[in-house]
Each structure stands twice: as structure tokens, then as C-alpha cells.
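Biologist: I should like a close look at one part of this protein, namely the paired strands in its interior and the residues they carry. Please explain each term as it arises, since the account is meant for a first-year student.

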Amino acid sequence: MPRALIIGVTGQDGSYLSEFLLDKGYEVGAVSRKTSSDSSWRIGHILDRLQMFSADLVDQSSITKVIEAFKPQEVYNLAAMSFVPHSWEAPVLAGEATALGVTRVLEAIRHSDPAIRFYQASTSEMFGKVSQSPQNEDTIFHPRSPYAVAKVYGHHITVNYRESYGMFTCSGILFNHESPRRGLDFVSRKITRAAAAIKLGLQDKLKLGNLEARRDWGDARDYVRAMWLMLQRDEPDDYVVGTGQARSVRDLVEFAFAAAELEDWQQYVETDPKLLRPADVEYLVADAGKAARVLGWRPEISFEQMISDMVTHDIQELTRARQQGQAVCEPRPERWKDV
Ligand code: NAP
Ligand code: G4F
């Protein structure tokens with residue numbers, strides 16, 4: 001049985017990658033950090049099939065111990081402080097976890113078993129203020145947040161360990177990907193959740209920031225397959241993963257409200273200057289030609305299908321919560337300006 005270790009298993013991608021690898025017959029080691037509240041809601045249904053470990057990217061010995069104990073053949077580093085606005089609130093922590101954390105994992109691999117194959121979750125945010133469109137593996141980086149700066153470090157150190165030590169390290173430069181398991185703070189889920197809540201009469205208004213920002217939004221269930229494909233090649237390399245289609249936040253709102261059968265989305269949506277970022281990324285769109293050619297990867301779930309799934313899921317979840325008298329989780333306000 002092949003053995004894979006997922007760091008960041010409690011996140012959106014960690015949960016889907018776990019399911020994907022279990023279906024492929026892997027023994028899956030799953031790393032989460034110790035927190036005071038339970039963060040395993042996305043993997044509750046498969047917990048008994050995972051080997052759970054505790055480790056934190058800011059703590060070298062915890063990472064080293066897990067890798068030595070589980071002895072994986074593949075390691076997927078999906079852990080990061082992934083919500084961009086948080087990185088302005090805590091830029092040093094962003095660097096510790098999202099940048100240096102990658103080196104900690106690579107060092108643990110190098111000393112315990114340098115034959116382990118490593119996947120690093122890089123991001124289209126590294127392109128930032130883009131120099132060309134669409135963006136591919138050769139596009140230069142111009143990061144626009146402490147998060148993106150940290151990810152650029154993580155990307156380069158992954159390439160560096162490949163070049164310095166001949167290790168099998170891959171960096172997946174993934175564009176935005178969403179799902180019904182997306183965190184409530186990210187704009188797609190904030191919108192589908194609000195459309196559902198408004199439809200059910202639980203909310204009146206939705207406040208948003210930059211409606212003109214454009215992203216290449218794909219579905220997380222497609223993107224975890226690309227991660228695995230990268231580690232199955234004969235040679236390690238870096239790949240851009242995206243759909244090749246950009247849409248604005250405004251387009252996403254329009255589509256989600258229509259999916260909830262709400263006419264005239266403008267009457268519900270307000271823009272709030274407090275939700276604008278100190279520096280935003282205006283336009284990202286992928287050229288994923290290399291992933292298609294070399295990995296045979298193509299997205300299978302359309303933007304429309306994904307947003308419809310998210311709206312349907314949110315309507316069902318809120319309806320169930322209301323029937324059972326449960327409290328409903330809301331997105332947190334983006335607070336960086338109040339600090
Ligand atoms: P996510 O849902 O926010 O999950 C992030 C995971 O990282 C969580 O399991 C979190 O654990 C863990 N984590 C955070 N800080 C940690 C630390 N110090 N030590 C150990 N674990 C820590 O993110 P996602 O959407 O699944 O994304 C997965 C990865 O891909 C991230 O690295 C993200 O930056 C990157 N990425 C995402 C996208 C996207 O559009 N989704 C695109 C490109 C790249 P807790 O549950 O304890 O918080
Ligand atoms: O959904 P977002 O918060 O995602 P963002 O910043 O693009 O980052 C996500 O994708 C990256 C890949 O490119 C990942 F690396 C990263 O970890 C994360 O998963 O915001 C998307 C856009 C931004 O331009 C933002 O300014 O939506 C705009 N936006 C407008 N109003 C908003 C809002 N974003 C959020 N979160 N909340 C708003 O109210």
C-alpha cells in the first residue's frame with residue numbers, strides 16, 4: 001500500500017485529497033495542528049480511515065517526528081495561513097508558517113528519507129500584479145500581500161531543494177479553487193452563503209469589497225487530482241493549474257444569486273470600503289497548457305456547476321440548522337483596518 005502524508009488535512013483541499021488518495025488505495029497519514037477547538041468537521045466522515053498526527057509548521061521537531069514515524073513515500077504540504085487578509089494582520093506569522101514552514105518540511109524529508117516525493121501548494125497569488133496574461137510557469141512573480149510573498153519563498157525553496165539535493169519536489173501553482181467545503185471567509189463561499197441566507201429570509205444584505213477583481217475559479221475536487229498527478233511523473237517539475245477562464249466577483253454574485261432564484265442581486269449587495277485590501281490582485285487567468293500536455297490534466301467541473309453546488313449546499317445546510325435550532329456560522333469580518 002503506498003503511503004502519503006497530508007499536512008493541512010483539515011482544510012478544503014486536505015479533505016478532498018484524503019478522499020482521493022483513500023480511493024486510490026493509499027494509507028493516508030493526516031497532520032493537523034493542536035487547537036483548542038475541533039477543526040476536523042471536513043474529515044469527520046473519514047476519520048476512522050486516516051492515521052492522525054499532530055504537528056505545526058512553526059515547530060520543526062513536530063514535523064520531523066511525524067515524518068520519521070509515518071515513513072511516507074509522498075508528502076503533500078497544503079498547510080498555510082491561506083486567507084490573504086489575515087496575512088496583513090499577522091505578517092510575521094505568515095512568514096513563519098507559510099514560508100519557513102516549507103523549509104522545515106523539506107529539512108525533515110532530507111534528513112529522514114530524501115527519496116520521499118514532495119508537493120508544495122503554491123499559488124497564483126504569486127503572480128500578483130501580473131506582467132502578462134494568461135499566466136504560465138515562466139511568468140514573473142509580483143506578490144501583493146505578505147501571504148503571497150511567503151508563498152514565493154515556499155515556491156523557490158521547493159525548486160531549490162530539487163536543484164541542490166536532487167530531491168523529488170514539485171510546486172503546483174494553483175489558481176483559486178472552491179467547493180461546498182470552502183472556508184466561509186473566501187469570497188465565493190461568502191457570496192453563496194449569503195445568497196442562501198437571503199433566500200431563506202435569514203439575512204438582508206451582503207457587504208463586499210472589490211467587485212471588479214477577476215479570478216480564474218475552478219473546483220477543488222478537480223485540483224487535488226492535479227496534485228497527485230504531479231507526484232506520479234518520472235521527473236519532478238512545477239505546473240500551473242487553472243481553467244483558463246476569468247470572471248469578476250460581480251459575475252460570481254450575479255450567477256450565485258440567480259442560482260438561488262433571487263432576482264436583481266443589486267438590491268441586496270453593498271460595497272464597503274473597509275473590505276478593500278491594502279493592495280489587491282486585479283486579474284488572474286491561467287495558461288494550464290503544460291499540465292494538460294504533460295499530466296493529461298483538464299478541469300471536469302464547470303464554474304456554473306460548482307457555484308450551483310455551493311448554493312444548493314448552503315441552502316440545505318442553513319435549512320437544516322434552522323430546523324434543528326442550531327447556531328449558524330457566519331463569515332468573520334475582515335479586520336485588518338481596525339488593528
Ligand atoms: P485552507 O482550507 O485554509 O486549509 C489550510 C490548512 O492549513 C488547514 O488545515 C489549517 O489547519 C492548516 N494550517 C494553517 N496553519 C498551520 C500551521 N502553522 N501548521 C499546520 N497546519 C496549519 O486552505 P485550502 O483552500 O485547503 O488550500 C490548501 C493550500 O493550498 C494552502 O496552502 C493554500 O495557501 C494553497 N492554495 C489554495 C488555493 C485555493 O484557491 N484554495 C489556491 C492556491 C493555493 P487548521 O484547520 O488548524 O486551521
Ligand atoms: O476569495 P478571496 O479571499 O481569495 P484570494 O484573495 O484570491 O485568495 C485565494 O486564492 C488564492 C489563489 O489565487 C490562494 F492562494 C489563497 O490562499 C486563497 O485561497 O478573494 C478573491 C477576490 C479578491 O480580489 C478580493 O478583494 O475577491 C475580492 N473580494 C471582494 N469582496 C472579497 C470580498 N474577498 C473576500 N474574501 N471578501 C469580500 O468581501
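Modeller: Two strands are said to pair if DSSP finds at least two bridges between them. The strands themselves (E, at least two residues) and the helices (H or I, at least four) are DSSP runs, numbered from the N terminus. With these terms in hand, leucine 174 can be placed: this residue stands opposite valine 241 in S11. Strand S6 covers residues 169–174, and four bridges join S6 to S11, the two running parallel.

Some conventions must be stated at this point. The model is predicted, and local features need pLDDT of at least 70, side-chain atom pairs count only at pLDDT 80 or more, while totals for chains, interfaces and linings use all residues. Residues are numbered from 1 along each chain as its sequence is written, chains are lettered from A and ligands numbered from 1 in the order in which they are written, and side-chain values use heavy atoms, with hydrogens and water left out.

On its other pairing, S6 meets S5: the two strands pair in the parallel sense over six bridges. Within this pairing, phenylalanine 118 stands opposite threonine 169 in S6.

The next matter is cover. A residue is called buried under 20% relative accessible area, exposed over 50%, and partly exposed in between (1.4 Å probe, protein chains only). In S6, six of its six residues are buried. Thr169, Ser171 and Ile173 point one way from this strand, whereas Cys170, Gly172 and Leu174 point the other way. Strand S11 (residues 238–241) is likewise covered on both faces, with Asp238 and Val240 buried on one side and Tyr239 and Val241 buried on the other.

Valine 241 deserves particular attention. This residue is buried because its relative accessible area is 0%. Contact here means heavy atoms within 4.5 Å. Leaving aside neighbours within four places in sequence, valine 241 is in contact with Ile173, Leu174, Phe175, Tyr223, Ala226, Met230, Ala288 and Trp297. By C-alpha atoms, valine 241 and glutamine 203 are 35 Å apart in space, although 38 residues separate them in sequence.

Serine 122 offers a corresponding view from strand S5 (residues 117–123). With a relative accessible area of 5%, serine 122 is therefore buried. Apart from neighbours within four places in sequence, serine 122 is in contact with His155, Ser171, Gly172, Ile173 and Leu174. Serine 122 lies 18 Å from glutamate 107, C-alpha to C-alpha, and the two are 15 residues apart in sequence.

Beyond S5 the chain enters a loop that leads to helix H5 (146–165), and proline 134 lies in this loop. The peptide bond from serine 133 to proline 134 is cis, with omega near -10°. Most peptide bonds are trans.

Finally, this part may be set within the whole. The protein has 10 helices and 13 strands, and buried residues make up 55% of its 339 residues. Among contacts between residues at least 6 apart in sequence, 79% join residues at least 24 apart. The C-alpha atoms fill a box of roughly 60 × 45 × 40 Å, taken along the principal axes.
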